[in-house]
Amino acid sequence: MFGIQSRRDLTMELQSQIPILRPSIHARRANIVVKFQDLYGFTVEGNVDDVNVLNEVREKVRNQGRVWWALEASKGANWYLQPEILLIGDGIALKTSLKISTLTNAITLKRLIRKGIPPVLRPKVWFSLSGAAKKKSTVPDSYYSDLTKAVDGKVTPATRQIDHDLPRTFPGHPWLDTPEGHAALRRVLVGYSFRDSDVGYCQGLNYVAALLLLVMKTEEDAFWMLAVLLENVLVRDCYTTNLSGCHVEQRVFKDLLAQKCPRIATHLEDMGFDVSLVATEWFLCLFSKSLPSETTLRVWDVLFYEGAKVLFHAALAIFKMKENELLMTHQVGDVINILQTTSHQLFDPDELLTVAFEKIGSMTTNTISKQRKKQEPAVQAELDQRLRRLNSLKESGKST
């Protein structure tokens, strides 16, 4: 499926994608805010210190790329695609018959992914490890082309909302905010809205699909990444009409915050602060609107291999990183400002992920699944009550 490049070619391609940022002498002397483009074309504002952080991060990416090339040279191309390694990544129990080398490779892969997939390899690794390639293989090769042709010109509530959201999706981006970018994003979103009518389209998916397009390079691959994300990686019903899955995730997150960061949780509860005020967007947009794109994609590296638990790790880490400042707040607005400022300036992915996995501690997929089961009845009761209230208001309106 994927062409094989030499290690030298890949290294040169990687280095060409990761330029060194060089603020002007004037900017360095005055320490003023500078604007620059990140690896995926987004305009970033920061001071010279932020630029230095990004340059350090990019040097780490180069070094990480060398590690991947060395492993491909020693273990063989696509060594991480062995079925046994993928099963371990999915959390399936090991059999005693599995070779030690297989377990070693699985552990190596997990560590590698947490340290970041080189941008030039990211499309290939995501597509394979996430299950998107397998999902695509179950349908005819012309599936996406046939789907987009079949739905062309059809108008539904979903397509109308998509058309409304296109110009608001990362405005100013040099490709996404162009007629070509809008058309590509529209085809992916409209196509998926017909593939899964239960989801249709939900605001938030536009940002997710747009970032997938930038990474995967082709519409078809972005479509299948969106499909595997919604159908296999994330909780079902996160993007359905009543957002029941999203409501469950918010309740689970609140419980986890109380367990992992009890002082913060107690302080915010005493203030009357609802964590969903900030966390809902994090979970619906998968941090694509909140974190710098290069940091978001490091979170997604882990998301596509280890599953949705990484979203909780990342969200808890943002709170944990600002624990002392949050404990000093007295106004809801101050809490929101701290969390938004922190997330927007997290240019170093390692800073976030180190806290997420080392300071937050272990959280298994099974544990989180149990938490979800616990919260589902309360969420359903709340949604039913809301529906009854709406119906009652409609009946009252008819009688007057």
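These exercises with worked solutions concern the predicted model shown above. Residues are numbered from 1 along each chain as its sequence is written, and side-chain values use heavy atoms, without hydrogens and water. In this predicted model, local features need pLDDT of at least 70 and side-chain atom pairs pLDDT 80 or more, while totals for chains, interfaces and linings use all residues.

**Exercise 1.** State how many helices and strands the chain has, and what share of its residues is buried.

Solution.
- Step 1: Helices (H or I, at least four residues) and strands (E, at least two) are DSSP runs, numbered from the N terminus. The chain has 21 helices and 2 strands.
- Step 2: Buried means under 20% relative accessible area, exposed over 50%, and partly exposed in between (1.4 Å probe, protein chains only). Of the 400 residues, 50% count as buried.

**Exercise 2.** Classify the aromatic pair of Phe253 and Phe283, and place both residues in the chain.

Solution.
- Step 1: Two numbers describe a pair of aromatic rings, the distance of the centres and the angle of the planes.
- Step 2: Rings of Phe, Tyr and Trp (its six-membered ring) pair if their centres lie within 6.5 Å; planes under 30 degrees apart are stacked, over 60 edge-to-face, and the rest tilted.
- Step 3: The structure holds 17 such pairs. In the pair of Phe253 and Phe283, the centres are 5.9 Å apart with 55° between the planes, so the pair is tilted.
- Step 4: Phe253 belongs to helix H13 (residues 244–260) and Phe283 to helix H15 (residues 276–284); the two are 30 residues apart, and the pair links distant parts of the chain.
- Step 5: Phe253 is buried at a relative accessible area of 0%, and Phe283 is buried at 7%.
- Step 6: Both belong to one aromatic cluster with Trp282, Phe287, Phe312 and Phe319.

**Exercise 3.** Find which residues make the contact between H15 and helix H17 (residues 309–321).

Solution.
- Step 1: Axes are lines fitted to C-alpha atoms, for helices over the stretch in contact, with angles from 0 to 180 degrees between N-to-C directions. The axes of H15 and H17 come within 11 Å and cross at roughly 145°.
- Step 2: Contact means heavy atoms within 4.5 Å. H15 contributes Val278, Trp282 and Phe283, and H17 contributes Leu311, Phe312, Ala315, Ile318 and Phe319.

**Exercise 4.** Decide whether Thr295 is buried or exposed, and list its contacts beyond four places in sequence.

Solution.
- Step 1: Thr295 is found in helix H16 (residues 293–306).
- Step 2: Thr295 has 1% relative accessibility, so it counts as buried.
- Step 3: Leaving aside neighbours within four places in sequence, Thr295 contacts Leu346, Phe347, Asp348, Pro349 and Leu352.
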